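Here are some exercises to work through with the model open beside you. Try each task before you read its solution.

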Amino acid sequence: MPTDLPNLLTLSRIAAIPLLVVLASINTPQADMAACIVFSLAAITDYFDGKIARERGAVSGFGRMLDPIADKLLVGAALMLLAGYGRLSEAGLFPAIVIMLREILVSGLREFLAELRIGLPVTPLAKWKTGFQMGALGTLLAGDSGAPVIGLGFLPVSLIGEGMLWAAAVLTLITGWDYLRAGLSLVQAETPSRRDESVKPPGQS
């Protein structure tokens, strides 16, 4: 049910996006740190919604559908905010592009495989990618302007965030290739059987 706690946590990630946009557009140190906190809390729900659903045996079709959508909406919004408000360096745009393209690739692959009723499992490396990615985006949303609010003004926060973003992009390329290779192998394995089903011997209807 959409009102189950895991699904409510998933929906909260989507609900956090308008608040994230507003805070990032205010462009003050306090608002930047608040944007970081909102994003981080929303990202943490990605862990707990799945954990709670599995523990309670409440895994639902609605949750399986919405969970990856919520993740991609949150990540996409954060990346566009960072790029649009000049919070990324020119070099930082490259890992951001890689991450966005990978999300589109995996989404398209999952949609195609869903038509064949084939699932694409999440790999352990993909979970590490998600961790680096969410950490990087939260750090960059705080940036050098927001860090002094919590007494971390002495750290090169934006540089640290971009380093994490590059690490996430490398993992993104690896996991994206793994998913594409796995998807192609699944399609190749499934296609002959479906072709055999559609071509029947003469005399059969």
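**Exercise 1. Work out whether R13 is buried or exposed, and which acidic side chains it pairs with.**

Step 1. Start with accessibility: R13 counts as buried because its relative accessibility is 0%, where buried means under 20% relative accessible area, exposed over 50%, and partly exposed in between, using a 1.4 Å probe and protein chains only.

Step 2. Before going on, note that this is a predicted model, in which local features need pLDDT of at least 70 and side-chain atom pairs count only at pLDDT 80 or more, while totals for chains, interfaces and linings use all residues. Residues are numbered from 1 along each chain as its sequence is written, and side-chain values use heavy atoms, with hydrogens and water left out.

Step 3. Now look for partners. R13 forms a salt bridge with D49, with 2.9 Å between the closest N and O atoms; a salt bridge here is a side-chain nitrogen of Lys or Arg within 4 Å of a carboxyl oxygen of Asp or Glu. This pair links distant parts of the chain, with D49 in helix 2 and R13 in helix 1 (residues 5-26), 36 residues apart. Helices are DSSP runs (H or I, at least four residues), strands are too (E, at least two), and both are numbered from the N terminus.

Step 4. R13 also meets D71 in a salt bridge, again 2.9 Å from N to O. Here the link runs from helix 1 to D71 in helix 3, 58 residues along the chain. D71 counts as buried because its relative accessible area is 15%.

**Exercise 2. Describe the surroundings of D49.**

Step 1. Place D49 first: it sits in helix 2 (residues 29-56). D49 is buried because its relative accessible area is 4%.

Step 2. List its neighbours. Leaving out residues up to four places away in sequence, D49 touches P6, L9, T10, R13 and D67, a contact being heavy atoms within 4.5 Å.

Step 3. Check the side-chain pairing: the D49 and R13 side chains make a polar contact at 2.9 Å. That term covers a pair of N or O atoms within 3.5 Å; within protein, one must be able to donate a hydrogen and the other to accept it, and residues adjacent in sequence count only if both atoms are side-chain atoms.

**Exercise 3. How many salt bridges does the structure hold, and which residues does D32 bring together with it?**

Step 1. The count is 9 salt bridges.

Step 2. D32 pairs with R87, with the closest N and O atoms 3.4 Å apart. D32 is in helix 2 and R87 is in the loop between helix 3 and helix 4 (93-115), so to speak a link between distant parts of the chain, 55 residues apart. Both D32 and R87 are buried.

Step 3. Shared partners give a network: salt bridges join R13, D46, D49, D67 and D71.

**Exercise 4. Describe how helix 3 and helix 5 pack.**

Step 1. Take the geometry. Helix 3 (residues 61-84) and helix 5 (residues 124-146) pack at about 40 degrees, with axes 10 Å apart; axes are lines fitted to C-alpha atoms, for helices over the stretch in contact, and angles run from 0 to 180 degrees between N-to-C directions.

Step 2. Find the contact residues: helix 3 supplies V75, A78, L79 and L82, and helix 5 supplies Q133, M134, L137, L140 and L141.

**Exercise 5. Is N27 buried or exposed, and what is the sign of its phi?**

Step 1. N27 lies in the loop between helix 1 and helix 2. N27 counts as exposed because its relative accessibility is 52%.

Step 2. Its phi is positive, about 60 degrees, although N27 is not a glycine. Most residues other than glycine have a negative phi.

**Exercise 6. Where is T175, and what does it touch?**

Step 1. T175 is in helix 6 (residues 157-198), and it counts as buried because its relative accessibility is 1%.

Step 2. Not counting residues up to four places away in sequence, T175 touches R102, T123, L125, A126 and K129. Of these, T123 is 52 residues from T175 in sequence, with 7.9 Å between their C-alpha atoms.
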